[in-house]
Amino acid sequence: MLSFSARHTDSFVERTWRRLTGPLVIVVALAWAAVAAAAPVHTPHVEAELLAARTALVPGEPLTVALRLRMAPGWHVYWQNPGDSGVPTTIAWDLPAGITAGPIQWPAPRALPAGPLINYGYEGEVLHLVELAVPASLAAVGTQTLKARVDWLVCKEACIPESVELGLTLPAAASAEASPAWSTTIAATRRALPRVLAGWQATAAGHGASIKLRLAPPTGAGDPGTLRFFPFAERQIEASAPQPLARAGNTYLLTLPVASDLAGPMPRLSGVLTASATLGEAVTAATLDLPLAGHVVAGARPDLATTPPVGTDPPPAGADLTLWLAALSALAGGLLLNLMPCVFPVLSIKVLGFATHHDRPSTLHKEAFAYATGVVLTFVALGLALFALRAAGEQLGWGFQLQSPVVVTALAALFFVLALNLSGVFEFGQFAPASLIGLSARRRSLDAFAAGVLAVVVASPCTAPFMGAALGFALGGSAWVTLLVFAALGIGMALPYVLLACFPGWRQHLPRPGPWLGRFKQLLAYPLYATVIWLVWVLGAQTDNDSVVRLLLALLGIGFALWAWRILREGGARLWAAAIAAALLGVALVAWPLLAGSHDEGAKIPTGTGTAGHPDSGWEAFTPTRLAELSGAGRTVFVDFTAAWCVTCQVNKRLVLNDGEIRSAFAHKQVALLRADWTRRDPAITQALTALGRSGVPVYVLYRPGREPLLLPEVLQRQTVLAALAPL
């Protein structure tokens, strides 16, 4: 009887589970499909997605859908009238039966200078609203997928046509709530759309090659500021010509130049009028559709030759680079990276190996290949990780891992342990079984591979000459471009060691092994100790003094534990084991807040890193707003993109930028000095670097009124800076 009851109960549970899991699987699948269909699509320069103002399609009620485009810094897309050049964004809908889409509701554009030309479009992020008509006959059950093919032209110095397929899956229901994520943004976009100019009196009259737009505001209206008119149709108003504004009492007169390639008769003046202030009731953009009195004729073509020449300076985004030139630049940068101070300790240890081991050529070749493999694969992994994070919306650049106090803490501990090993405090073999030690001796290629990985990790804060433009090109392209450029960088860095291993004649200049070798090995510990000191300083610049004390105490505990381990291995009393355990426990307790990241992520960089410096230093903290203010006032601005963890940056600052002659030249030329400190992650600085075609520091830029920014070399020399300042 009990057996029957148990089987009956099991059967009931199984039937109930099957009944519940079927609908549950369907719900989960639909939810996953909705998330996948609505996920943003990324191109090299634009992020695109479809958004809905409500959570569901309601039969008989219209639904507002938005196309969101987010452009990379410095890039733009176009309005319905692109101006002097360009192509407007288009949407081709593929909708369920009965649902129809209205036209794009265009936000007011901006005037975007492109050399001597003026285009109309959008930078940053823009939402294009579209009203969908949902029929009352739509069944209020199941889900519907809205599909659209979107085409746009995205431009910076170069223009790239792009096309994506977007989808948005929504349930159909009798009622729906506002979308918690996007309804507020969509509503704000709708309120900012150009609307009919209420209360103003407007007339338009043609006077040959110009049109006079007369505007009379309502009583009590404030000053609208600067006005600009954007025509709906192309080839009516000359985009690159100025639009003078005159005031006569309470009336504004805006003169519009007629296009030089006027497209036929022009009976009406239709477009969008924008104001730098307001046109009343917080309206900054209004639509105009006026009959045009008088007559118009084609105007004169603007004299573009009078535009100031750009000069021979390199364009800020590295537009002249091709893929193969970027790869060659990366190869040269990797070669020079071996000369950077941050790579010296690891490279010295590898060179020491040539004096220690006199192996057959085949063994050295295998070891060199393993080292090169470690270098190249680590560079590729870093590049792809950086590309993926940037594609996901993170504002990161070269050396991003050193912006984390956790990574800095771990590296400081690693270098301290390596330095103690070279100083003879302990041997790594003491921690491993004899079988593993034998394997390591027979397979030195494993050690060589690890040394290659370590060399790249240590080199990550440095930027050698030629690297800046190559890395900017790599991170601005596709994943395959990133892969190729970072692989070339790794090949360049590994090449000197590989050549030294493959050509034994070059190794004859190394001294023969002898007693000096042990002293030399101990001497190599001191660059590692110096690296630890530098990393401790970096941590202090990123966080605070408490973190520095914690790290120093942790290093003290590690040193004691390793020393005690050596005594224990040499036959010391078991009491030393308890001492080691106590030391490691103390290290864990002291270092845990650092490794767990429980510090102030928003801590400001201390003045010791040079953000502001001494009150008399003359340097200001960089912000895009401050740069715009100084440039708008006609000042020449020098920007130092730097970081506490960047060794090259600190060397340049102390040997060149702090030099008395350089400081006097800056003062004599009245150059404003801004310091962009990237020690901790700063999206504004990352965007500024990206706009310059760079992805890491150091970067030195001279912003001159009316000319392209002048990029100086990563390794500064006094004469280079003085030569850049001389023409000012």
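**Close-up views of a predicted model**

**View A. Helix 13 against helix 14.** Helix 13 (residues 545-569) and helix 14 (residues 575-595) have axes that come within 8 Å and cross at roughly 160 degrees. Angles over 145 degrees count as roughly antiparallel, so helix 13 is roughly antiparallel to helix 14. The crossing of helix 13 past helix 14 is left-handed. Sorted by class, the residues in the contact of helix 13 with helix 14 are 23 nonpolar, 2 polar and 1 charged. As throughout these legends, the model shown is predicted.

**View B. The open sheet that contains strand 2.** Five strands form this open sheet, in the order 1-2-3-9-6, and their pairing is antiparallel. Strand 1 and strand 6 (100-101) are the edge strands, each pairing on one side only. Within the sheet, strand 2 is joined to strand 3 (residues 63-71) by 7 bridges, and these two strands run antiparallel. One residue pair in the view is Ala-52 with its bridge partner in strand 3, Val-65.

**View C. The hairpin of strand 1 and strand 2.** Strand 1 (residues 41-42) pairs with strand 2 in the antiparallel sense, over 2 bridges. The connection from strand 1 to strand 2 is a hairpin through 3 residues. Val-41 has Ala-48 of strand 2 as its bridge partner. For His-42, the bridge partner in strand 2 is Glu-47.

**View D. Side chains along strand 2.** Strand 2 (residues 46-52) is mostly covered, with 7 of its 7 residues buried. Which residues point one way from strand 2, and which the other way? Val-46, Ala-48, Leu-50 and Ala-52 point one way, while Glu-47, Glu-49 and Leu-51 point the other way. Residues of both sets are buried, Glu-47 and Glu-49 included. Two residues of this view also take part in the pairing with strand 1: Ala-48 is the partner of Val-41, and Glu-47 is the partner of His-42. Ala-52, which points the way of Val-46, is the residue bridged to Val-65 of strand 3.

**View E. Helix 2 over the sheet.** Helix 2 (residues 183-192) lies across strand 2, strand 3 and strand 9 (125-133). With respect to strand 9, helix 2 runs at about 90 degrees. The strands under discussion here, strand 2, strand 3 and strand 9, follow one another in the sheet order 1-2-3-9-6.

How values were computed:
Residues are numbered from 1 along each chain as its sequence is written. This is a predicted model: local features need pLDDT of at least 70, side-chain atom pairs count only at pLDDT 80 or more; totals for chains, interfaces and linings use all residues. Side-chain values use heavy atoms; hydrogens and water are left out. Axes are lines fitted to C-alpha atoms, for helices over the stretch in contact, and angles run from 0 to 180 degrees between N-to-C directions. Helices (H or I, at least four residues) and strands (E, at least two) are DSSP runs, numbered from the N terminus. Angles under 35 degrees count as roughly parallel, over 145 as roughly antiparallel, 65 to 115 as roughly perpendicular and the rest as oblique. A crossing is left-handed if the near helix is turned anticlockwise from the far one by less than a right angle, and right-handed if clockwise. Ala, Val, Leu, Ile, Met, Phe, Trp, Tyr, Cys and Pro count as nonpolar, Asp, Glu, Lys and Arg as charged, and the others, Gly among them, as polar. Buried means under 20% relative accessible area, exposed over 50%, partly exposed in between (1.4 Å probe, protein chains only). Two strands pair if DSSP finds at least two bridges between them. Contact means heavy atoms within 4.5 Å.
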